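Here's a walk through one protein chain, from its overall build down to single residues. Keep the picture open while you read.

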Amino acid sequence: MGLLRKIRDTGRVAEPTPPRPEGHVPPQAKEFGGSVQVRCVDAGSCNGCEIEIAGAFNPVYDAERYGARLVASPRHADVALVTGPVTRNMAEPLRRTVAAMPEPRLVVAVGDCAINCGEFAGGYGVEGAVSDVVPVDLQVPGCPPRPDEIVAALRRVTGR
Ligand code: SF4
């Protein structure tokens, strides 16, 4: 009874929705109908970008309320969030992961390393940026990008 009263009295605790983000919207975003399943791929990052992606899906930034949901299999995914410079060992797994996603699909390069190899440019184990390995539809710059910037990119895809 105490819990029910608390639920009734607390009301809504989420932050108000920020304004809808501006910027490039990939053409295939229209086909997702306002929600996307998201598969994350760490292609060789330092894990800083992963921490911010985890933040983007936590209760504060809450990407799920804009229609983005994490999934474990690329076969269930509409969007791949790819972090890090692509290492030699991860180039082929990244190609296979994206190839396993159904069409229409979309690849988002998250972080400076994913966009241009960042700190790791020229490293002996680096194959290249994400766009050197698979087609990239959206970029989220930053080292690492903030969770709200990652959420904003996903909102451009879901249109919410
Ligand atoms: S962009 Fe920065 S935080 Fe992200 S993987 Fe590269 S070095 Fe790490």
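Contact here means heavy atoms within 4.5 Å. With that in hand, look at L138: leaving aside its neighbours within four places in sequence, L138 is in contact with H24, P26, V107, V108, A109, A153, R156 and V157.

Before going on, a word on where this comes from. This is a predicted model, in which local features need pLDDT of at least 70 and side-chain atom pairs count only at pLDDT 80 or more, while totals for chains, interfaces and linings use all residues. Residues are numbered from 1 along each chain as its sequence is written, and side-chain values use heavy atoms, with hydrogens and water left out.

**The whole chain**

The protein chain has 5 helices and 7 strands. Both come from DSSP runs, numbered from the N terminus: helices are H or I with at least four residues, strands are E with at least two. Starting at the N terminus, the order is α-β-α-β-β-β-α-β-α-β-β-α. The radius of gyration is 17 Å, close to the 15 Å that the globule rule gives for 160 residues, so the chain is as compact as a globular protein of that length. (That radius is taken over C-alpha atoms, and the rule is 2.2 Å times the number of residues to the power 0.38.) Those C-alpha atoms fill a box of roughly 60 × 30 × 30 Å along the principal axes. Among contacts with a separation of 6 or more, 84% join residues 24 or more positions apart.

How much of the chain is buried? Of the 160 residues, 42% count as buried. Buried means under 20% relative accessible area, exposed means over 50%, and partly exposed is in between (1.4 Å probe, protein chains only).

**Three residues to compare**

| Residue | Place | Relative accessible area |
|---|---|---|
| L138 | strand 7 (residues 138-140) | 3%, buried |
| T97 | helix 3 (residues 88-100) | 15%, buried |
| M1 | segment before helix 1 | 74%, exposed |

T97 touches V41 and P74, not counting residues up to four places away in sequence. As for L138, its C-alpha atom is separated by 6.7 Å from that of V107, 31 residues apart along the chain.

**The inside**

In soluble globular proteins, nonpolar side chains tend to be buried together. A nonpolar core is a set of buried Ala, Val, Leu, Ile, Met, Phe, Trp, Tyr and Cys residues joined through side-chain atoms within 4.5 Å. The largest one here has 22 residues, of which V79, L81, V108, I150, L154 and V157 touch the most other members. Elements giving it two or more residues include strand 3 (79-83), strand 5 (106-110), strand 7 and helix 5 (147-158). Helix 5 gives the most, with 5 residues. A second, separate core of 18 residues includes A43, A77, V107 and V130.

Now back to V157: beyond its neighbours within four places in sequence, V157 is in contact with A29, F32, V36, V79, L106 and L138.

**The outer end**

Is helix 1 (residues 2-10) well covered or hardly covered? Hardly covered: the count of buried residues among its 9 residues is 0. Just after helix 1, G11 takes a positive phi of about 70°.
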